[in-house]
Amino acid sequence: MGKKNKAEKKGKNGKKKDEFLTEPHDLAAILVQAARSMRTVLSRNLLESGLYAGQDGVMLALAEADGMTAGGLAARLGVKAPTMTRTIGRMEAQGFLERRPDEDDARLTKVYLTEPGRNRLQIIAEAGQHSEKLATRGLTDKQVRTLMKLLRAVDSNLQAARAAD
């Protein structure tokens, strides 16, 4: 009995190694599970700072462009407006954000980071870095760059399909 070549080697599930991603649902399942795992680790890393899942994205968006409307934040983060309104309310109660009327158009309310909110930005950055290190353990820098490039392409394809609907 001769040695198996690489194409003939099979994994634990009996599939050849190159057969692991032959079905589209395999890709979706893997992406969803990886995103959930990443979110779980990030949430755990943020919890001790008093932040909950999703709040980090709001704070980072405001760190880039303070004074956004709830609708603008919702659109930027890809969530529905009522979800963003509830999140803003919770974060305002925690003291991380404040709502103020727009200086030019009093009909608009804008959201701003407070000083305690700004003080959490470094914690958010560190939690993100820690999560990324865990997620990419064992990968080379080149593999991480390739992964990021591929994930951006997948996201772009999905965003374009959603926009076309």
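Start by selecting R107, which is exposed, with a relative accessible area of 74%. Keep in mind as you look around that this is a predicted model. Now add D105 to your selection: the side chains of R107 and D105 meet in a salt bridge, 2.9 Å from N to O. D105 is partly exposed, at 21% relative accessible area.

Next, pick K110 and D102. They form another salt bridge, and their closest N and O atoms are 3.0 Å apart. Is D102 buried or exposed? With 11% relative accessibility, D102 counts as buried. There are seven salt bridges in the structure, so here's one more to visit, since side chains of opposite charge can pair when their charged atoms come close.

Select R76 and E64. In this salt bridge the closest N and O atoms sit 2.3 Å apart. R76 is in helix α3 and E64 in helix α2, so the pair ties together parts that are 12 residues apart in sequence. Color them by accessibility if you like: R76 is partly exposed at 40%, while E64 is exposed at 64%.

Stay with helix α2, which covers residues 55–64, and go to Q55. Q55 is buried, with a relative accessible area of just 1%. What does its side chain reach? One of its polar atoms lies 2.8 Å from the backbone nitrogen of Y52, and a polar contact of 2.7 Å joins the side chains of Q55 and Q94. Beyond its neighbours within four places in sequence, Q55 also touches others, including G50, T87, R90 and M91.

Now for the nonpolar side of things. In soluble globular proteins, nonpolar side chains tend to be buried together. Select V58, M59, L62, L73 and L97: these have the most contacts inside the largest nonpolar core, which has 20 residues. Elements giving two or more residues to this core include α1 (24–47), α4 (81–94) and β2 (109–113). Which element gives the most? That's α2, with four residues.

Zoom in on M59. Leaving aside neighbours within four places in sequence, M59 is in contact with residues including L51, F96, L113, L121 and I124.

L121 and I124 lead you to the last stop, helix α6. Buried there are L121, I124, A127, G128 and S131. They cover an arc of only 125 degrees around the axis, which puts them on the same side of α6. Finally, check the helix length: at 1.5 Å a residue, the 15 residues (121–135) should span 21 Å, and the end C-alpha atoms are indeed 21 Å apart.

Technical notes
Residues are numbered from 1 along each chain as its sequence is written. This is a predicted model: local features need pLDDT of at least 70, side-chain atom pairs count only at pLDDT 80 or more; totals for chains, interfaces and linings use all residues. Side-chain values use heavy atoms; hydrogens and water are left out. The expected span of a helix is 1.5 Å times one less than its number of residues. Buried means under 20% relative accessible area, exposed over 50%, partly exposed in between (1.4 Å probe, protein chains only). The arc is that of the directions from the helix axis to the C-beta atoms. A polar contact is a pair of N or O atoms within 3.5 Å; within protein, one must be able to donate a hydrogen and the other to accept it, and residues adjacent in sequence count only if both atoms are side-chain atoms. Contact means heavy atoms within 4.5 Å. A nonpolar core is a set of buried Ala, Val, Leu, Ile, Met, Phe, Trp, Tyr and Cys residues joined through side-chain atoms within 4.5 Å. A salt bridge is a side-chain nitrogen of Lys or Arg within 4 Å of a carboxyl oxygen of Asp or Glu.
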